[in-house]
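Student: Please take me closely through one part of this structure. Then show me what surrounds that part.

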Amino acid sequence: MPPPALLLPALLIAAAVSLPLVYLFIRTLGAGDEAWDLLFRMRTLQILGRTALLVFAVTAASIALALTLAWLTTRTDLPLCGFWTIIMSLPLVIPSYVGALLVIIALGPHGMLQGALENLFGVDRLPDLYGFPGALLILTLLSYPYVMLPMRAALSQMDPSLEEASRSLGMSRWATFRRVTLPLLRPAIASGGLLVALYTLSDFGAVSLMRYQTFTWAIYLQYESAFDRTLAAALSSVLVIVAIAILLLESRTRGKSRYYKSSAGAARKSTPVPLGSWKWPALAFCAIVLALTLALPLSILTYWAVRGIATDQSFPNLWGATANSLKVSALAALVVVLASLPVAFLSVRFPNRLSSLLERATYIGFGLPGIVIALSLVFFGAKYATSLYQTLPMLIFAYGILFLPAAVGAARVSLLQLNPRLEEAGRSLGKGGLAVMRSITLPLMRPGLLAGAALVFLLTMKELPATLILSPIGFRTLATQVWDASSEAFFARAAASALILVLVSSIPMAILVLRDYRSR
Amino acid sequence: MTTPLALQCAHLSKRFPGGGGISDLSLDVRQGEVVALLGPSGCGKTTTLRLVAGFEAPDSGAIDIAGRPVAAHNAFLPPEKRKVGMVFQDYALFPHLTVAQNVAFGLPNNPRRDARVRNVLSMVGLLLLHSRYPHQLSGGEQQRVALARALAPEPAILLLDEPFSNLDAKLRQQVREEVKEILETSGVTAVFVTHDQEEAFYMGHRVAVLNQGRLEQAGTPEDIYHHPATAFVARFVGVADFLAVVSQSGAPVTDAGPIPPGNIEALEDGLEVMVRPDDVAFEPSENGQGRIISCRFQGASTLYRLLLDSGETVHALSASPRSYPAGARVRVWLQPGHRLVCFKGGHAVRL
C-alpha cells in the first residue's frame, strides 16, 4: 500500500490535469442541439477534410524523408556519419511558426527568392506557397526527426543476421529490404508516424501563418471573433476525438507478431553497404536537408535581424519578451518536474490498477493540441476560477497539462533504471525512507530529471497557442512576439525574436542531444 | 572414383582493421561430408564461414562452391547467388513471419512450394507448429526451424555458425543428436563452427582446427586426437603433457619413466613426447618419483595432477573406485595403448 504522502499529491495532480478537458466535453454536450447543428454544417466537414489531407501528406512525406536519412546514416559508408546523426535531430528546436516566417520571408510573394530571380531573370511572380504547399513543406521539414529517431534506433538494433539470412536464401539486397527490413521497421514507423501525425494535428503556428484552415486555426478564429464560444468548444471536442482516434489506430497497427530479438545473440554491427558512386548524390541530399532545416533558417534570420539593426528599426520589448520566455520556461520546467515525481514514484514503486490509472491520466496532454487545452482552461477558468483567469499561474498550469507526460516519462525511465536493491541497502544501513530518498534515490535520478527539465524548458519556449490565449494582458514572450510580428509583416522584428528563441532553445537541446549521444 | 568437391577454399586471407581474420587458409570439403571448424574464440572460424557465405569478401584467395568460382581475384558472387544455406548462431528467424513462412522464404513461388515446406518441416519434426511465430517456440524448436529454412532451397552446402551455443547443456546434447540425424537424412554437405571439441568430434566426419587465423590441422577426429600435428591442437582437443625425452644408455627415457619400445627409433635433441592422461599410470609408493597435487573427480574416472620431482607436471587418469589423497607420493610410469607422438619445436615429428 503506497504511503498517503505519495498517493495524495499524485491523486491531486491527476485530477487537476484531467478536470479542464472533462469540463470541455460537459460544455459541448450542454450546448445541446445548437452545437450539433453548427458542427454538421458543411464548413466543419471542409475543415476536417483539410486537416486530414495535411496530416496524411505530412506523415507520408516525413516517413519517406526519415527512412532515407535513417538508412543512409545507419547502414551505409556515408562520410561524416556521426556529424549527420547529430545535425539531423536539430530541427526540433525550430518552432513551426518560425518555419512559416522563414517561408514567407524567403519564398513568399515578395520574398528573397523572388527578389533575386527578378533581378536576374525578371521573374515577378512565383507559385503561391500560402495554404497547403507551404504548410506541408514546413511541417515535413520540422517533424521528420520524430520518425527518424525511432527508425534509426530500430535499424541499428536490428540483428544483422536477419538480413544475412535473407540474402543467403536467395533474396537480393532490394528484396531483402522490402521483405525483411521494412516489416521489421513497422513498429518504429508506426510510432514515429503517430508522433508526426499528432504534431501536425496540433500545429497552430505554421497553419495560422500559412492561412490554411485546419482545426486549430479554425478554433482560434472562432474563439477570437465570435461572441458565443460554443462552436469553438464543439470544434475542440471534435479535434480531441480525432487525436484519440490516431492514438487508437497506432496501437492497432502493432499486429500479431512481436518484434524482439528471438534470442540474445552477440551484438554485432551490420556490414555497411558501400555507396560507391552514389556517395555524392547521398551527400548532396543530406547537405540539402541540412541547408533547408538549419543553415538557411539561421542565416536568413541573422540577415534580417542585422538588416533591421542596420536600418535603425525599433525592436520594441525584445529583451522584456526574452526575459518573460526564460521566466515561464524555467518556472514550467521546475513545476512540471516536481509534479511528475509523485506520479512516477507511485507507478514504478507501487504498480497497481490505481497508480497506473493515475499515470495514464497525466498523459492527457500528450497528443492533445495546445489550443484545446488552452480553450478548456479558458472555459473552466471563466466559470470557476475567475481570479486565476489570465494570470501567470493559469499559464503555467496549462504548460503543466501539456508537458507533464514528457516529464513523467523521463522520471519513470530513470526510476526504472534504478535498482531498488540500492534503496534497500540504504535502509539496511540504518537510514529512514526520507533520508534514503534524499541521499540515494534523488541523486541517482538527477540526470534523468535534468533531461526531463530540459525537455519541458524547450517545449515551453516553443509553445504558441496556449501562450497566446492564456497570457496575462500585456505579457509577451518570444513566441507570441514572433507570431504577431510575422502576421503583421514586421519581418526584422520577427526575425530578431525568432533568432533569440532558437539560440536559447538550443541550450536545452544540446543537453538532450549530448546525453543521448553519450548513452549510446 | 573420387567424390566431387562441394567446397574448395584456396589460400584465403582476410584481415580486419580491428584485428582478427584469417591468413592463407586452404580447405577442401567433399560432397556429403560434415566438417567441423574448431578453435578458440577469435581464431577466424566464423570469418571463414562468412567468407564462404559471401557476407565478407576475401582480401586474397579463391572459393569454389560445387565447382563454381564464387570468390576470386576480381570476381565476387553476392550471397543470394551462391546456393548456400546458413544457420545462424542466434537462428535469425524472421520475427514477423510464421514458421511455414520462414521456411518458404527462400523458395520460388510455385505450386511445389507448399509441398516442399511440408516436406522439410516434417523432416525436422515441426509440421504441427507451422503457423506459430518464432517467439512462441522453444530454443530447440527455433534451432530446427532455422535448419529447415536453410535446407528447404536444397543448398549446395550448409553452413552452421556455433549452432548449439545458445542452448543450455541438457538440451544441447539432445538437439545435437537430432541435428546429426537430420544432416544424415538429408545427405547435405555441411560446415559448422564450434569451440567445443566434444561437439566437433561427435558431429564432424572431419575436423579442421584453427588458431590465430591459420589452419593447424584437418583430419578425422581420431587423427586429430591421437596424431595432433601441433602442440596447440594436442592441447586444444584434450589434456596433453609434453615430456622431454633423453637417452639413458641408448634407450629413450622421460621423467615419467622409460618410453616403451617401438615408439622412438632414433633420438634427437630437443625431442618431446606427448602423453594423454590415459597413457600415464601410477601407484602409491613412498620411494616414487612424484606426488599427487590435485585430483578432479569426473564420475567414471578421476583425473590426477602429478608433480614429478624433476619439476614437470603430468596428468594421469585412474578408474574411479580407487581414490588417493592429494600429497601422497607415487611412482609414475608410461603405459600407452598405442604409438606415442613426438614433437619438436611445437610440431609433430615422424621418427
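Tutor: Start with the vocabulary: helices (H or I, at least four residues) and strands (E, at least two) are DSSP runs, numbered from the N terminus. By that rule, chain A has 22 helices and 0 strands. This is a predicted model, in which local features need pLDDT of at least 70 and side-chain atom pairs count only at pLDDT 80 or more, while totals for chains, interfaces and linings use all residues. Residues are numbered from 1 along each chain as its sequence is written, and chains are lettered from A and ligands numbered from 1 in the order in which they are written.

Our close look goes to helix α16 of chain A, residues 370-384. Check its length first. The expected span of a helix is 1.5 Å times one less than its number of residues. For the 15 residues of α16(A), that rule gives 21 Å. The C-alpha atoms at its two ends are 21 Å apart, which agrees.

Next, the surroundings of α16(A). A residue is buried if 20 or more other C-beta atoms lie within 10 Å of its own, exposed if 12 or fewer, and partly exposed in between, with C-beta atoms placed from the backbone. In α16(A), 11 of the 15 residues are buried, so the helix is largely enclosed by the rest of the structure. The buried residues include G370(A), I371(A), V372(A), I373(A) and A374(A). L375(A), S376(A), L377(A) and V378(A) are also among them. F380(A) and G381(A) are buried too.

Now the chain around that helix. Of the 520 residues of chain A, 46% count as buried. Its C-alpha trace spans about 70 × 65 × 50 Å along the principal axes. A compact globule of 520 residues would have a radius of gyration near 24 Å (taken over C-alpha atoms; the rule is 2.2 Å times the number of residues to the power 0.38). Chain A has 24 Å, which agrees.

Contacts come next: two residues are in contact if their C-beta atoms, placed from the backbone, lie within 7 Å. Among contacts in chain A with a separation of 6 or more, 83% are between residues 24 or more positions apart.

How far can the model be trusted? The mean pLDDT (the predictor's confidence in each residue, from 0 to 100) of chain A is 85, and 95% of its residues reach 70 or more. Over residues 255-266 of chain A, the pLDDT is below 50. That stretch still has 25 contacts in the model beyond near neighbours in sequence.

Compare α16(A) with two exposed residues of chain A. F56(A) lies in helix α3, residues 42-75. It has 12 C-beta neighbours inside 10 Å, so F56(A) counts as exposed. F56(A) is 80 residues from L136(A) in sequence, but their C-alpha atoms are 9.9 Å apart in space. P316(A) sits in the loop between α13 (279-310) and α14 (318-349). P316(A) is exposed as well, with 12 other C-beta atoms within 10 Å. P316(A) and R493(A) are 177 residues apart in sequence, and 8.2 Å apart from C-alpha to C-alpha.

Chain A also has a partner. 25 residues of chain B are in contact with 23 residues of chain A. On the chain B side, β7 (84-87) and α4 (139-151) each give two or more residues. β7(B) gives the most, with 3 residues. By class, that side has 15 nonpolar, 8 polar and 2 charged residues. Here Ala, Val, Leu, Ile, Met, Phe, Trp, Tyr, Cys and Pro count as nonpolar, Asp, Glu, Lys and Arg as charged, and the others, Gly among them, as polar.

Chain B has 8 helices and 23 strands. Of its 351 residues, 42% are buried. Two strands pair if DSSP finds at least two bridges between them. In chain B, β13, β14 and β15 form an open sheet of 3 strands in that order, with antiparallel pairing. β13 (246-248) and β15 (257-258) are the edge strands, each pairing on one side only. β13(B) meets β14(B), residues 251-254, through 3 bridges. There, S247(B) stands opposite P252(B).

Elsewhere in chain B, β12 (241-244) and β16 (272-275) pair antiparallel over 4 bridges. L243(B) has V273(B) as its bridge partner in β16(B). β16(B) also pairs antiparallel with β22 (341-344), over 3 bridges. In β22(B), C342(B) is the bridge partner of V273(B).
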